[in-house]
Every structure is written in C-alpha cells, then in structure tokens.
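User: Could you walk me through the reasoning behind some of the labels used for this protein? I would like to see each value set against its cut-off.

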Amino acid sequence: MNVDPCLFFVPASRVDTLLKNVPRHSIALVLDLEDSVPKHAKPTARARLADVDLSGTGLSGVTLRINSIETPDGLLDIQTILALDGEVGGLPIQTILVPKIITGRDVAIYRSLLSGLVDPPEICSIIETLDAVENVFDIAAASNGLIFGPSDLVAEMWAPDESYLSHARARLCIAASRYGLPAIDGNSFELWDTDVIRAQCEAAKQCGFTGKAAIHPRQVEPIVETFAVDPEQLDRYRQTIKDYEADDAGFAVTKDRVLAPPFVLKARRMLALYDGNARPIR
C-alpha cells in the first residue's frame, strides 16, 4: 500500500459536486460508501461509481471505503466492485478500507470475496472497535495498512478516556511498524483553525502515524506538510546503508551520526515502507 500523506474522503453519492474542490497533490482520493452516505442514498452512491469519470483527475487510482459485510449494504458494495471489475471512473480501485474489522480472519474473508478480480485491491483495516484494538497485531499481519477510527471507538466507551485512546493509537502504530505497514490517523473534525489541525498532525506523527485522513480541503495543506516524505531524508537512509556496507569495522561514530546495525535496520525499514514493500524487516 502506498504511503500517502493524506487520505481525502468524498461521499461517493456526491462525487460530481465535490470533486472540483478536491486538491490533487499528495492525496489519495477515498470514495466513501459508508458513514458519509445516508442509508437511503447508498444505492445512488453505488450507481454513481458505475458512471462517474475520473480519468481527467490525474490520479493513478482510487480508494474505496465500503460498508461492513455484516450488513446487506456491505454485501452490495462487494457485488458492485466485482461488477465494475475493480475499476471506478476509468481508474483501478487500489485499496479498500474495511470497517469494523475484529480479527485477521475478517481480512481474509474480504480478500477471498475480491479474489476473482484480475488485480484485487489491497486491504486497509479500520481499527475502530475495542476488540480490534485488542487484536490489532493479528489484524495487521493480514492487512496492507491500518487506519484509526476514533469516533466509532469512542462510541463503544462510556466516556472518551484519553488514556485509552492513546493506548489504542500506540498499539495501532506499533502493530503497523511490526508488519511494515502505513498507519493512518483518523480525520479531525476541526475544519477552520489550521493551527489546531497542524498540532493534531504533529502529535499523530510523533505517535508513529505515517498519514492522516481529511474531510475538508482546508485540512489538506497542514496534513501534507506534516507527513510528506522528504526525499533528502530517504537519500540519507540510502547513504547510511551504503556507508555501513563499505565500512570494514561495522561501527563508526562521527559528529553527525552513528553508523551501527540499529541505525542501518531503521534505514532499511523506512525505505521498504516508502517503496511499498509491506513486510517486516529484521
């Protein structure tokens, strides 16, 4: 799964009217069939996927958030994807965001349902239940990415206990790191104060998230500025590996860096992540 700084959500039922306001730089476009589409509009949203034209957007593919297959709408969503041969608007569906995942077995079921496609989409699991937080390592082992769903998680709690939410965020990020996956923070509901949005982005990055969801164009710039990959940093990782492999001693300390196995391992893991190789490196 690509490590996109920003996943921008658009209701699939309103993609025509909202698409013109969607920034295209450094985002993954998410067409939403779940929470932002009311139940009565879901058939219309699925129908729009069949006739919308996204070929002029400059995007290489789209992401789709579907309903859980525990619901009739989820099953209809899967049938729609199969009927469209895994494409929307002339673009491939690269990733499916799946809600209410409880275990890795759930991810395997989605993969099986989509396995008939020539190029099945990757699966990004939404961690948004208490059970999912407990089972997040099992889920990560079966997924191509993880995304945090704090609103649904809080709905399962008597109160939005910040200590537990921090625990959930930490488990998600560590599980993603363990399996070499992107970790996406849930969207903010702050739409206007960019200083607040930027502070939330910085906190998420410090926790270990590699990107963040957005629901309004105003949120995109601070998200992209926070999470976009610095090519110079990736070059430094490559140089660290190159210098270590050329150093006979296998350990060196200079004014600017330490050349030793843990730092080389870090460099290899980060390069694998941003090259799209979702696998643990030890």
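Analyst: Happy to! Keep in mind that this is a predicted model. One place to begin is Lys100, which sits in the loop between β5 (91-98) and α4.

User: Why is Lys100 called partly exposed?

Analyst: Its relative accessible area is 27%. Buried means under 20% and exposed over 50%, with partly exposed in between, so Lys100 is partly exposed at 27%.

User: And what makes Asp85 count as exposed?

Analyst: Asp85, in the loop between α3 and β4 (87-88), has a relative accessibility of 61%. The cut-off for exposed is over 50%, so at 61% Asp85 counts as exposed.

User: What is noteworthy about phi in Asp85 and in Lys100?

Analyst: Phi of Asp85 is near 55°, a positive value in a residue other than glycine. Phi of Lys100 is likewise near 55° and positive, again in a residue other than glycine. Most residues other than glycine have a negative phi.

User: Now the helices. Why is α11 called oblique to α12?

Analyst: Helix α11 (residues 231-246) and helix α12 (residues 261-274) pack at an angle of about 135°, and their axes are 9 Å apart. Roughly antiparallel needs an angle over 145 degrees, and roughly perpendicular covers 65 to 115. An angle of about 135° fits neither, so α11 is oblique to α12. The crossing of these two helices is left-handed.

User: Which residues of α11 and α12 meet, and of what kinds are they?

Analyst: On the α11 side, the residues include Leu234, Tyr237 and Ile241, and on the α12 side they include Phe263, Val264 and Leu271. The contact of α11 with α12 divides into eleven nonpolar residues, one polar and four charged.

User: How do you know what kinds of residue join α3 and α4?

Analyst: Helix α3 (residues 72-83) and helix α4 (residues 104-114) pack at about 40°, with axes 10 Å apart. The contact is made by Ile78, Ile81 and Leu82 of α3 with Tyr110, Leu113 and Leu114 of α4. Ile, Leu and Tyr count as nonpolar, so this contact has six nonpolar residues, no polar and no charged.

User: Last one: which residues touch the most other members of the largest nonpolar core?

Analyst: In that core of 63 residues, they are Leu31, Leu64, Ile66, Ile96 and Leu146. Helix α8 (residues 162-178) gives the most to this core, with seven residues. Leaving aside neighbours within four places in sequence, Leu64 is in contact with residues including Leu31, Leu49, Ile81 and Ile96.

Terms used: Residues are numbered from 1 along each chain as its sequence is written. This is a predicted model: local features need pLDDT of at least 70, side-chain atom pairs count only at pLDDT 80 or more; totals for chains, interfaces and linings use all residues. Side-chain values use heavy atoms; hydrogens and water are left out. A nonpolar core is a set of buried Ala, Val, Leu, Ile, Met, Phe, Trp, Tyr and Cys residues joined through side-chain atoms within 4.5 Å. Buried means under 20% relative accessible area, exposed over 50%, partly exposed in between (1.4 Å probe, protein chains only). Helices (H or I, at least four residues) and strands (E, at least two) are DSSP runs, numbered from the N terminus. Contact means heavy atoms within 4.5 Å. Axes are lines fitted to C-alpha atoms, for helices over the stretch in contact, and angles run from 0 to 180 degrees between N-to-C directions. Angles under 35 degrees count as roughly parallel, over 145 as roughly antiparallel, 65 to 115 as roughly perpendicular and the rest as oblique. A crossing is left-handed if the near helix is turned anticlockwise from the far one by less than a right angle, and right-handed if clockwise.
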